[in-house]
Each structure stands twice: as C-alpha cells, then as structure tokens.
Amino acid sequence: MAKLTESMTSVLEEDSMEQDVESPVTIQQPKLPKQAREDLPKHISKVCTKRKIQRYVRKDGKCNVHHGNVRETYRYLSDIFTTLVDLKWRFNLLIFVMVYTVTWLFFGMIWWLIAYIRGDMEHIGDNTWTPCVSNLNGFVSAFLFSIETETTIGYGYRVITDKCPEGIILLLVQSVLGSIVNAFMVGCMFVKISQPKKRAETLVFSTNAVISMRDGKLCLMFRVGDLRNSHIVEASIRAKLIKSKQTKEGEFIPLNQTDINVGYYTGDDRLFLVSPLIISHEINQQSPFWEISKDQLPKEELEIVVILEGMVEATGMTCQARSSYVTSEILWGHRFTPVLTLEDGFYEVDYNSFHETYETNTPSYSAKDLAETASRAELPLTWSVSSKLNQHADLETEERGKNHEDQTERNGDVANLENESKV
C-alpha cells in the first residue's frame, strides 16, 4: 500500500512538472486597493489592469445608470400610478393580489364586528331575531360576504337586512371603494400590458457604425430598420455624443452630451421607415468628429447614443428605441451591404445582410486635414489666375502708355511742319 501511494505521488509530481513545462505560466495579479492601483507606475498599471469600456446606454437600449441615495422617496408615492406601472411584473402582481386581499379582510373584519356588537352571534338559529346580515355566523362567513359584496358576485345566501343602518352605510362605502380599487388596478394592468416597450424590440440598429466617404465628404453612418409590417408613424432619429470634457476654466463635465446632426436642418431626421435606412452624419466644422482621424479614433473615450422614436400605428402610443456605439464598434473605411432588391412586383429586404459591411477606399486623415489639403490644392490655381489677370492689366497699361507717347510725338511733328511752312 505504501509503495502504491509513493508511485501515485511520483506520477502526479511528474505530471505536474510536465504540465508546468508545457503549459504557459499564468500569474494572477493580486487585488490592490484603489489608492495603490493609482500609485502604480503607468507602464505597470497598463500591464496589470485592462481598461473596460463602460457604456452609458447598452446595446438593447437600457440606460446603464443607477440612482443612489435618493432621499425624497415620497415623490414616488405622490405619483403612485406611474410607480406601479414602472415596477416589474412580479412586484406588480404581488401588489395586485395584496390590495384585494387586504381590502377583503378589512371589510370582512368590520362586518364581523358589526354582527358581534349587535349580538347576532348569540342569536344564531333564532328565527325571531333579525340579524344585520343573514346567515353570517363567524369571521369566515363575514370574509366571504365581503368578497361577494366587493366583487358583486351575489350568491344570494348571505344578504343584508333593512334593520341594520350601519351595515347599509358600510355596504355603500365598500361598493364605492371596491369600484375605485378595481378601476385603479385594472387600469394599471392595462397600461402595463399595452406599453410600447415590446414594440421597440422590433426596431433594430446595425451592430456597427461606419465612417466613409459619401458625395466627396467624410460621413459617419449607421443603419436602422423595422421588422414589422405595421409602420412607425412620425418616426424621427436623434444622435448624442457622450464624452467627458474639461472647460477652459478647468471644470470637468463627466458624460457631457453633444448633439450630432443627422439631418435636422434638411429634414432627413424625419424617417419613412418602410425599409432599412442608412442614417448619415456629415463630418464638418460643426461636427465633434472634425479633428478625429483613423489612428486617433481608437484612443478616444466616447459613445454615440442613437434614439429612434415615433408612434405605434396600432395603438397611437409613443415608442422609443435606443442603442449605442463605442469606439470599438465604429469601423473606419467601411460601407453597409445593400439589403434591398427588386423582385417581381415588389421590393424584398434581406435582413441577413443587415449588419454586414465591406471595406472601401477611405482616407485615414481627419475631415479637418482633408479640408486643408483640398484648400491647399486649390491655392496654386487661384494664384495663377490672379497673376495672369495682373499680367494682362500690366500689358494693357503699357500699350496705353505707348499709344499716348506715339500720339504726342505725331502731334509734335505736325506742329514743326506747320512752323516751317510759315517761315
């Protein structure tokens, strides 16, 4: 047995040695506190820690922001209807059941107290005694009568008599309150069911955004599409650049939002979203990408948030779909693959190629550098034209001067001849 254990240990040691020799060594970096990580040298911190891109808006459109230390929680109760609609389904159903159960128990307890105070419990089976509620002999029967009253079931076994004015008042109060609870809860459930959030899931955005030339200008583009046959009415598109900045006064603004023009002044931001559309942003002097080149783009910490909104044709409710693109999802020098083809009598959209792109010849310089290069290329042409114009002007003045001199000389010769003839 001892030999067997020794042989087993020797085999395990050999295996571990071979594994250590063949497999690469992976050393786990110890977890350091935040201050210690900040005090590390830059070259060591870059090797030990890998920067993780933190999204402001996720690809599915949900905002990656959590509200903490909210002290004014009473504001949620002041708008209780919206609070209930915004809750998750499990909490909403729990509140739905709890409200009805509490109201039934509450009014059931009151019906039992009325019967107990009037002495109906002591005269059960006495035909000469007129109770407040017939056939009410305990708390369970009072609870059942409360359910029948609030839900207007009316089995007819337990009924209120005309000898109980307090019971008549309680019946009115419970009927009115039950109607209010029913309207509130059913309305809340209806609004939650008919919310257009699910409609936004059929509005798709391209996985990547691209930068390429369009009509001789550098443009940032992404594609949007609608999977349903029912269209989005009054559809519009907006885009925001999320990037931290520092002002000239030294103020740091985290996650600063800057508008990206996607056709606001030309009306191109109003979409007729029947087939997939490519949304284009021209990179000009007003664009935040004016000085960003291909090599500088991966170094930028920015995020592009796109928002598509409109009204659902079936319900008329406003629908909003969101997505975002970080620097790693912006492809420089790419274009989107066409997805629309003409068939026999109709147009067909191939959504298999919706997210596909292909490379195209695109300069790697920024739009600012391209504009400066184009202006420099035009300058010699303007100089040559102006110089030629100046040369023509100089020649015309010289010719005018020569003609004037010749004319004066001729006039002088004529005058001399007249003088000689007189003499």
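Which helices each supply at least two residues of the nonpolar patch? In this predicted model, the answer is helix H6 (89-118) and helix H7 (139-151).

**Surface patch**

The patch covers about 760 Å² of nonpolar surface and is made by Leu105, Met109, Leu113, Tyr116, Ile117, Phe139, Val140 and Leu144. Helix H6 makes the greatest contribution, with five residues. Tyr116 is found in H6, and its relative accessible area of 52% makes this residue exposed, because the cut-off for that class is over 50%.

**Nonpolar cores**

In soluble globular proteins, nonpolar side chains tend to be buried together. The largest nonpolar core here has 35 residues, of which Ile237, Phe289, Ile304 and Ile330 touch the most other members. At least two residues of this core come from each of the strands S1 (203-205), S2 (209-214), S3 (217-226), S4 (232-246), S8 (303-312), S9 (318-326) and S10 (330-332). Strand S4 gives the most, with five residues.

Once neighbours within four places in sequence are set aside, Ile330 is in contact with Ala209, Ile211, Leu220, Leu297, Leu302, Ile304 and Tyr325. Another core, of eleven residues, lies apart from the largest one; among its members are Cys132, Val133, Leu136 and Phe145.

**Salt bridges**

Side chains of opposite charge can pair when their charged atoms come close. The structure holds 13 salt bridges, including the three tabulated here.

| Salt bridge | N to O distance |
|---|---|
| Arg118 – Asp120 | 3.1 Å |
| Glu148 – Arg158 | 3.8 Å |
| Lys368 – Glu291 | 3.4 Å |

Glu148 lies in helix H7 and Arg158 in the loop between H7 and helix H8 (165-193), so their salt bridge ties together parts that are ten residues apart in sequence. Both partners count as buried: Glu148 has a relative accessibility of 10%, and Arg158 has one of 16%.

The pair formed by Lys368 and Glu291 ties together parts that are 77 residues apart in sequence, because Lys368 lies in helix H10 (residues 367-422) and Glu291 in the loop between strand S7 (277-282) and S8. Lys368 counts as partly exposed, at 29% relative accessibility. Elsewhere, Arg55, Lys59 and Glu329 are joined into one network by salt bridges that share partners.

Are the partners in the salt bridge of Arg118 and Asp120 buried or partly exposed? Arg118 is partly exposed, with a relative accessible area of 24%, whereas Asp120 counts as buried at 4% relative accessibility.

How values were computed:
Residues are numbered from 1 along each chain as its sequence is written. This is a predicted model: local features need pLDDT of at least 70, side-chain atom pairs count only at pLDDT 80 or more; totals for chains, interfaces and linings use all residues. Side-chain values use heavy atoms; hydrogens and water are left out. Patches are made of residues with over 30% relative accessible area and no salt bridge: like charges are joined within 9 Å, nonpolar side chains (Val, Leu, Ile, Met, Phe, Trp, Tyr) within 5 Å. Accessible areas come from the Shrake-Rupley method with a 1.4 Å probe; for residues, only the protein chains shown count as cover. A salt bridge is a side-chain nitrogen of Lys or Arg within 4 Å of a carboxyl oxygen of Asp or Glu. Helices (H or I, at least four residues) and strands (E, at least two) are DSSP runs, numbered from the N terminus. Buried means under 20% relative accessible area, exposed over 50%, partly exposed in between (1.4 Å probe, protein chains only). A nonpolar core is a set of buried Ala, Val, Leu, Ile, Met, Phe, Trp, Tyr and Cys residues joined through side-chain atoms within 4.5 Å. Contact means heavy atoms within 4.5 Å.
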